[in-house]
Number of protein chains: 2
Amino acid sequence: MKEGIKLEEIIQLLEQNRLAELKEILIKENPIDVADVFEEFPKEKDLIIFKLLPKDFSSEVFSYLSPEKQQEVIENITDEEIKFIMEDMYLDDTVDFIEEMPANIVDKILKNTSHDKRKLINQMLKYPENSAGSVMTVEYISFKDNYTVKQAIDYYRKIAIDKEETDICFVTDSKKKLVGIISLKTLILSNDDSYIKDEMDTNFVSVLTKDDQEETAALFRKYDLTTMPVVDHEDRLVGVITVDDIVDVIDQENTEDIQKMAAMNPSDEEYLKESVISLAKHRIIWLLVLMISATFTGLVIKKYEEVLQSAVYLAVFIPMLMDTGGNAGSQSATLVIRGIALEEIEFSDIFKVIWKELRVSVLVGFILSGINFLRIYYFTKSGFETSLVVAISMFLTIIMAKVIGGVLPLIAKSLKIDPAIMASPLITTIVDTAALIIYFQLSVIFLHI
Amino acid sequence: MKEGIKLEEIIQLLEQNRLAELKEILIKENPIDVADVFEEFPKEKDLIIFKLLPKDFSSEVFSYLSPEKQQEVIENITDEEIKFIMEDMYLDDTVDFIEEMPANIVDKILKNTSHDKRKLINQMLKYPENSAGSVMTVEYISFKDNYTVKQAIDYYRKIAIDKEETDICFVTDSKKKLVGIISLKTLILSNDDSYIKDEMDTNFVSVLTKDDQEETAALFRKYDLTTMPVVDHEDRLVGVITVDDIVDVIDQENTEDIQKMAAMNPSDEEYLKESVISLAKHRIIWLLVLMISATFTGLVIKKYEEVLQSAVYLAVFIPMLMDTGGNAGSQSATLVIRGIALEEIEFSDIFKVIWKELRVSVLVGFILSGINFLRIYYFTKSGFETSLVVAISMFLTIIMAKVIGGVLPLIAKSLKIDPAIMASPLITTIVDTAALIIYFQLSVIFLHI
């Protein structure tokens with residue numbers, strides 16, 4: 001793996017004002033690493049670095065900066081410099097950047113953007129969040145289907161330098177309809193005189209601008225793609241999605257699922273950058289809902305208050321039953337939720353899931369409640385009956401927890417609710433209530449209370 | 001999006017023995033979709049389909065089949081057919097496939113593999129699971145650094161057809177050391193007479209065969225790569241990792257993290273395909289550990305048994321306190337675990353995390369315990385003091401849960417323990433115990449029990 005940039009070296013060169021040397025070092029590095037260095041510096045110093053770099057290099061660095069730093073740069077450079085950055089940056093990066101800026105900065109940016117580019121930006125800003133349109137780029141290469149291979153290569157040589165997607169090219173007919181795709185490799189391996197329409201691949205996968213980015217990611221996954229065309233309702237090519245943006249989509253969707261599974265409203269923001277108010281907002285609703293529903297569990301205890309009064313030692317086993325039930329249920333729920341997300345499990349598998357969870361839970365429940373029985377009977381002063389009641393309650397709780405945990409995400413899916421919200425916290429609350437009913441009812445029967 | 005294959009149509013054509021028509025339909029489809037269709041058919045029928053397809057098409061379909069179907073095919077085709085598949089399939093797919101087969105099938109396969117390919121397979125099988133070496137391919141294109149662009153393109157035309165990675169080519173010096181990378185695009189846009197060493201990009205990122213696949217995925221993410229070279233300790237090029245395999249790595253690592261967060265030992269197997277015994281094995285250890293540790297919570301209740309005896313109504317609020325504490329803690333733990341996984345949070349951020357969680361928890365705790373106080377005081381028959389004790393316990397529990405939840409994953413990270421195991425179940429158990437101590441102690445003080 002290559003060496004990173006040494007931050008101390010940069011600080012030293014900057015302090016000693018050895019700017020020519022500094023420039024020599026930086027332009028040999030990957031712009032992404034230079035952007036990382038940039039983030040480390042306070043306001044005045046970072047601009048010295050930025051202005052030191054060649055224009056096309058600095059505009060690439062710019063596209064990798066955090067929104068905070070981007071805003072700072074825009075506020076401190078000339079209109080001419082903004083113009084250069086705006087023309088040089090890829091359109092999808094430009095749109096991402098503009099979306100993060102406050103209104104006055106956006107005005108300043110758009111004022112310094114060419115008419116054509118401004119039109120494209122405005123168009124892209126209209127695609128709904130999380131749609132295929134919002135992650136696509138328009139900097140691709142397309143050929144007419146009546147080109148020869150030689151014509152196509154000549155055209156490629158002329159325009160490829162400014163394009164983002166250059167490995168796969170697209171082929172459109174006279175009505176701008178997308179009719180095929182062709183890789184640069186195929187172009188190079190084909191005869192100069194043959195026609196693009198005879199060499200292109202017509203068996204390609206595409207999405208509509210309004211399609212969900214998560215479904216788009218699933219297609220990339222299934223077909224091992226690096227690029228996918230985006231078309232409108234008349235099958236006309238309007239953009240291209242590249243796999244690096246899909247990797248971000250996958251990360252983002254996973255983060256959202258994980259957050260929902262831990263009973264939070266999902267947030268795109270990085271934890272350390274998110275405000276306290278925003279963090280609290282994303283957490284409080286679910287905590288409130290679950291707190292209220294946990295009172296049902298309290299109601300069960302209230303109902304059996306007399307039982308508990310005459311045998312208060314029963315309370316000792318409540319946390320263990322509740323926790324084990326919750327954990328057992330959340331294990332099953334998690335596997336099924338993940339299986340649904342990766343499109344490995346569908347609603348029609350519900351009986352397979354139930355049958356599987358039943359067998360797993362009998363096995364797991366038998367071992368756990370067996371160990372539990374021995375532990376309680378031999379190591380605590382509880383009698384045989386009490387130990388048995390706890391063990392049987394444990395066994396039934398685990399079976400119930402695992403089946404509910406396996407089934408609820410599938411039911412959610414079939415009701416078009418996100419299965420991820422059926423994870424541990426909600427399952428725990430449901431399972432807790434049922435576990436206590438089982439426990440107290442068995443106590444009443446076996447312990448004659 | 002393109003139309004999928006219509007399964008009914010295939011079944012009908014197969015039943016009516018209209019095989020020529022069936023072939024016509026299938027060869028127009030993506031081999032991945034044909035593999036999907038194949039999975040739906042029972043044993044005899046699927047082989048009819050398989051033998052119907054042209055050899056190179058069927059060997060591509062083969063590489064996308066499930067291990068079960070692959071084994072069935074191998075058992076039912078001739079040695080000649082196996083030979084063809086083995087020569088035609090990409091090496092990384094071959095290795096994945098061989099790893100899933102039982103020993104007798106592996107023998108049959110290797111017997112029908114050329115000497116050269118067998119040597120490569122054996123070499124690749126040696127790379128440890130989850131290493132960069134285990135996900136790389138060796139079917140790439142490399143040029144000597146003293147080639148001219150014209151020589152390189154001529155060479156490319158000769159060999160590219162059999163290679164897996166063809167968009168980025170690699171440049172080595174006389175000692176086979178990797179010195180640069182060059183895209184096909186750059187080749188096409190460069191002068192025929194210029195030298196590869198003058199056109200190549202020397203600022204590339206590479207990994208060692210033994211490097212972890214998760215770190216490799218992080219580099220793909222950071223540098224927006226589609227391809228990365230793998231080198232040995234002498235910087236010699238030994239393989240290439242492509243982004244489609246990295247997407248699989250990301251999915252796999254996310255699945256593992258999610259499973260660990262739900263207190264399971266991670267498993268690569270798809271849920272529906274995993275055996276009951278294996279599912280139970282992956283779940284039971286953690287359930288057992290957590291069941292035993294939940295007895296500590298029981299010990300707290302035992303210690304305060306007299307308090308509970310004289311005020312058994314206190315038990316009613318135990319589930320709500322325990323659940324809310326667990327949920328609050330797991331929210332914080334989840335955000336920090338995810339932040340660590342995406343390399344956004346480091347151990348050195350621990351004080352930032354504590355300060356953030358303190359403020360969030362005061363805000364959230366204040367609102368929740370306020371609502372709780374009003375609810376208990378007005379809607380249940382509990383008195384002012386009891387309502388107050390429950391509310392204050394709730395407030396303190398939430399603060400403690402959120403700070404513990406935020407800090408434990410970071411401590412785990414610094415101790416080289418996987419932060420993911422510090423998620424909800426473990427946090428819940430710790431928080432439960434502390435919550436009950438707070439609750440009973442406050443009850444003793446305020447309710448004079």
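The exercises below, each with a worked solution, concern a predicted model with chains A and B.

**Exercise 1. Symmetry**

Find the operation that superposes chain A on chain B, and name the relation.

Solution. Step one is the fit: chain A is brought onto chain B with an RMSD of 0.1 Å. Step two is to read the operation, a rotation of 180° with 0.0 Å of shift along its axis. That is the relation of a two-fold axis.

**Exercise 2. Extent of the interface**

State how many residues each chain puts into the contact and what area is buried.

Solution. Begin with the residues: chain A contributes 114 and chain B contributes 113. Next, compare the two sides. Of the interface residues of chain A, 99% are also interface residues in chain B, so the copies meet through the same surface. Then take the area. The size of an interface is often given as the accessible area lost when the parts come together. Between chain A and chain B about 10600 Å² is buried, with 67% of it on carbon and sulfur atoms.

**Exercise 3. Polar links and composition of the interface**

Count the polar links between the chains, then describe the side of chain A that touches chain B.

Solution. The salt bridges between chain A and chain B number 8. A salt bridge joins Lys222(A) to Asp36(B), with an N to O distance of 2.8 Å; this satisfies the cut-off of within 4 Å. Residue pairs in polar contact between the two chains number 37, both residues being at pLDDT 80 or more. On the side of chain A that touches chain B, helix α17 (residues 276-303) of chain A gives the most, 17 residues. By class, that side of chain A holds 60 nonpolar, 22 polar and 32 charged residues.

**Exercise 4. Within chain A**

List the domains of chain A and locate the salt bridge between Lys111(A) and Asp79(A).

Solution. The domain assignment divides chain A into domain 1 (7-125), domain 2 (140-262) and domain 3 (276-447). The C-alpha centres of domain 1 and domain 3 of chain A are 53 Å apart. For the salt bridges, the whole structure has 31 over all chains. In the bridge between Lys111(A) and Asp79(A), the N to O distance is 3.6 Å. Lys111(A) sits in helix α9 (residues 103-111) and Asp79(A) in helix α7 (residues 79-88), 32 residues apart.

Conventions
Residues numbered from 1 in each chain as written. Chains lettered and ligands numbered in written order. Predicted model: local features only at pLDDT ≥ 70, side-chain atom pairs only at ≥ 80, totals over all residues. Heavy atoms only, no water. Least-squares fit on C-alpha atoms with pLDDT ≥ 70 in both. Contact = heavy atoms within 4.5 Å. Buried area = accessible area lost by both parts, 1.4 Å probe. Salt bridge = Lys/Arg side-chain N within 4 Å of Asp/Glu carboxyl O. Polar contact = N/O pair within 3.5 Å; in protein donor to acceptor, adjacent residues only side chain to side chain. Helix = DSSP H or I, 4+ residues; strand = E, 2+ residues; numbered from the N terminus. Nonpolar A, V, L, I, M, F, W, Y, C, P; charged D, E, K, R; others polar. Domains from an automatic or database assignment.
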